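Welcome, and thanks for joining this short tour. Please have your viewer ready, with selection by residue number switched on.

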Amino acid sequence: MSLFGLGRNQRTFRPKKSAPSGSKGAQLRQHIDATLGSGNLREAVRLPPGEDINEWLAVNTVDFFNQVNLLYGTLTEFCTPEICPTMTAGPKYEYRWADGVQIKKPIEVSAPKYVELLMDWIESQLDDESIFPQRLGAPFPANFRDVVKTIFKRLFRVYAHIYHTHFQKIVSLKEEAHLNTCFKHFILFTCEFSLIDKKELAPLHELIESIVTY
């Protein structure tokens, strides 16, 4: 199955989010597409000269959400409550879910349920115009960067689970090159803007070191 094909679990695979046409976000996305097309991921993550950092973080957050959504969508038939009863990243790391609002005390859920809750939560942030304003020139909230950091921290956990639990399946689907490119782009962007604490990256420390030092 192609990574751009529909996953069987439609609740996990969502329609791609995009910036409104004519908006600042759409212009920045064109820049992203152009720089990604060059194959230079380090160049692609840098803030374009003269652009607002919050606008840049916003449009890239949507793109990385879409990427992870598509990647996980190919694994929904293999990542089931029976196969993955907890959300783990190897034997040392287990993630429990809390959103701080409806679920304040972290709860243990299966990996597919965790990803479903995680994607629902991120989607609710992206759809909230008080956090991710759609109108050109609308102000970003004071806590915008904190929200972005939480989104990236949680998206990383999906990558960590995929690499530790489902990488052989990705290889059998011949999609490992695409997964690795998506993750490299994600990590280079994360490092460029210091979006995830180092301790959170520990489950994939060796892979990340090979990316950032290459």
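Where in α5 is the kink centred? Keep in mind as you look that this is a predicted model. Select residues 144-172 to bring up helix α5, which has 29 residues. From its first C-alpha to its last, α5 reaches 39 Å, close to the 42 Å expected at 1.5 Å a residue. Now travel along α5 to His166: the kink is centred there, and its angle is about 80°.

**Stop one: His166**

Stay with His166, a residue of helix α5, and show its surroundings. Is His166 buried or exposed? Its relative accessibility is 4%, below the 20% cut-off, so His166 counts as buried. To see what surrounds the side of the kink, add Leu75, Phe78, Cys79, Cys84 and His161 to your selection; His166 touches each of these, when residues up to four places away in sequence are not counted.

**Stop two: just past α5**

Next, select Lys174, which follows α5. Lys174 sits in the loop between α5 and α6, the latter covering 176-192. What is the sign of phi at Lys174? Phi is positive here, about 60°, although Lys174 is not a glycine. Most residues other than glycine have a negative phi. Switch on the surface and you will find Lys174 exposed, with a relative accessible area of 71%.

**Stop three: the loop after α6**

Move on to Ser194, in the loop between α6 and α7 (205-212). Ser194 is another stop for your backbone torsion display: its phi is near 50°, a positive value in a residue other than glycine. Is Ser194 buried or exposed? With 53% relative accessibility, Ser194 counts as exposed, because the cut-off for that label is over 50%.

**Stop four: Gln125**

For the last stop, select residues 111-127, helix α4, and pick out Gln125 within it. Gln125 is buried, its relative accessible area being 12%. Which side chain has a polar contact with that of Gln125? Show Ser124 as sticks: the side chains of Gln125 and Ser124 are joined by a polar contact of 3.2 Å. Then add Ile131, Phe132, Val147 and Ile151, which Gln125 touches, leaving aside residues up to four places away in sequence. Val147 and Ile151 fall in the range 144-172, which brings you back to α5, where the tour began.

Key. Residues are numbered from 1 along each chain as its sequence is written. This is a predicted model: local features need pLDDT of at least 70, side-chain atom pairs count only at pLDDT 80 or more; totals for chains, interfaces and linings use all residues. Side-chain values use heavy atoms; hydrogens and water are left out. Helices (H or I, at least four residues) and strands (E, at least two) are DSSP runs, numbered from the N terminus. The expected span of a helix is 1.5 Å times one less than its number of residues. The bend at a residue is the angle between axes fitted to the seven residues ending there and the seven starting there. Buried means under 20% relative accessible area, exposed over 50%, partly exposed in between (1.4 Å probe, protein chains only). A polar contact is a pair of N or O atoms within 3.5 Å; within protein, one must be able to donate a hydrogen and the other to accept it, and residues adjacent in sequence count only if both atoms are side-chain atoms. Contact means heavy atoms within 4.5 Å.
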